[in-house]
Amino acid sequence: LQRFQAFAEQFAAARGLPLRIEADLRELHFGDWEGRNAAEILFADEQALGQFWNDPYGFTPPAGEPVREFADRVLTTVGRLSVELAGQRVLVITHGGVMRLLLARARGLPEAQLLQVEVPHATLKGLSCVAGEFTEVAPCQPS
């Protein structure tokens, strides 16, 4: 969270843009897996990691946030923002899990395919959200 907030603050300041931190657009909390990479988790608990990858909505990482609660939190916030900021272009700087969720919705993917959405580091994606419906669009290039 600190890394993204620091980048957002620098980005906004350099361009004279307003900045608002939306806590509910934070990444999924991975509980006991927090701060560990997939290889470390695979080595420690291959079965649990496999369950999560195969059914992220049905399996929660130990002491983690259920994906359904994460999705509700993110989608509720984006829905509120889409009404509040209707007609405006908004740059959301966030983690891959949030982007993955929003892209999966825009693409109409079933829940089981959530983790199949690829989001490389430093990716810029464009989305339109109108009345809770997401559409993937060409991203605007920030100046």
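1. Let me start with Ala122 in this predicted model. Ala122 is exposed, with a relative accessible area of 86%; a value over 50% is what earns that label. Ala122 sits in the loop that runs between helix 5 (96-106) and strand 1 (126-130). Do have a look at its backbone as well: phi of Ala122 is near 60°, which is a positive value in a residue other than glycine. Most residues other than glycine have a negative phi.

2. Ala63 makes a nice companion case. Its phi is near 65°, again positive in a residue other than glycine. Where does Ala63 lie? Its place is in the loop between helix 3 (46-54) and helix 4 (67-84). With a relative accessibility of 62%, Ala63 counts as exposed, because the cut-off is over 50%.

3. The hairpin is worth a moment of your time. Strand 1 and strand 2 (residues 133-137) run antiparallel, and five bridges join them. Within this pairing, Cys129 has Phe134 of strand 2 as its bridge partner. How many residues lie between the two strands of the hairpin? There are two, and Ala131 in the turn has a positive phi of about 55°.

4. Next, please turn to helix 3. Its buried residues are Ala48, Leu49 and Phe52. Seen down the axis of helix 3, these buried residues fall within an arc of 95°, so they line one face of the helix. What covers them? The cover includes helix 2 (38-44) and helix 4. On the other side of helix 3, Glu46, Gln47 and Asn54 are exposed.

5. Finally, a loop residue to set beside the two alanines: Thr94, found between helix 4 and helix 5. Is Thr94 buried or exposed? Thr94 is buried, because its relative accessible area is 9% and the cut-off for buried is under 20%. Ala63 and Ala122, by contrast, are loop residues that count as exposed.

6. The surroundings of Thr94 deserve a point of their own. Leaving aside neighbours within four places in sequence, Thr94 is in contact with Phe4, Leu25 and Met99. For Leu25 there is a further detail: a polar atom of the Thr94 side chain lies 2.8 Å from the backbone oxygen of Leu25.

Methods: Residues are numbered from 1 along each chain as its sequence is written. This is a predicted model: local features need pLDDT of at least 70, side-chain atom pairs count only at pLDDT 80 or more; totals for chains, interfaces and linings use all residues. Side-chain values use heavy atoms; hydrogens and water are left out. Helices (H or I, at least four residues) and strands (E, at least two) are DSSP runs, numbered from the N terminus. Buried means under 20% relative accessible area, exposed over 50%, partly exposed in between (1.4 Å probe, protein chains only). Two strands pair if DSSP finds at least two bridges between them. The arc is that of the directions from the helix axis to the C-beta atoms. Contact means heavy atoms within 4.5 Å. A polar contact is a pair of N or O atoms within 3.5 Å; within protein, one must be able to donate a hydrogen and the other to accept it, and residues adjacent in sequence count only if both atoms are side-chain atoms.
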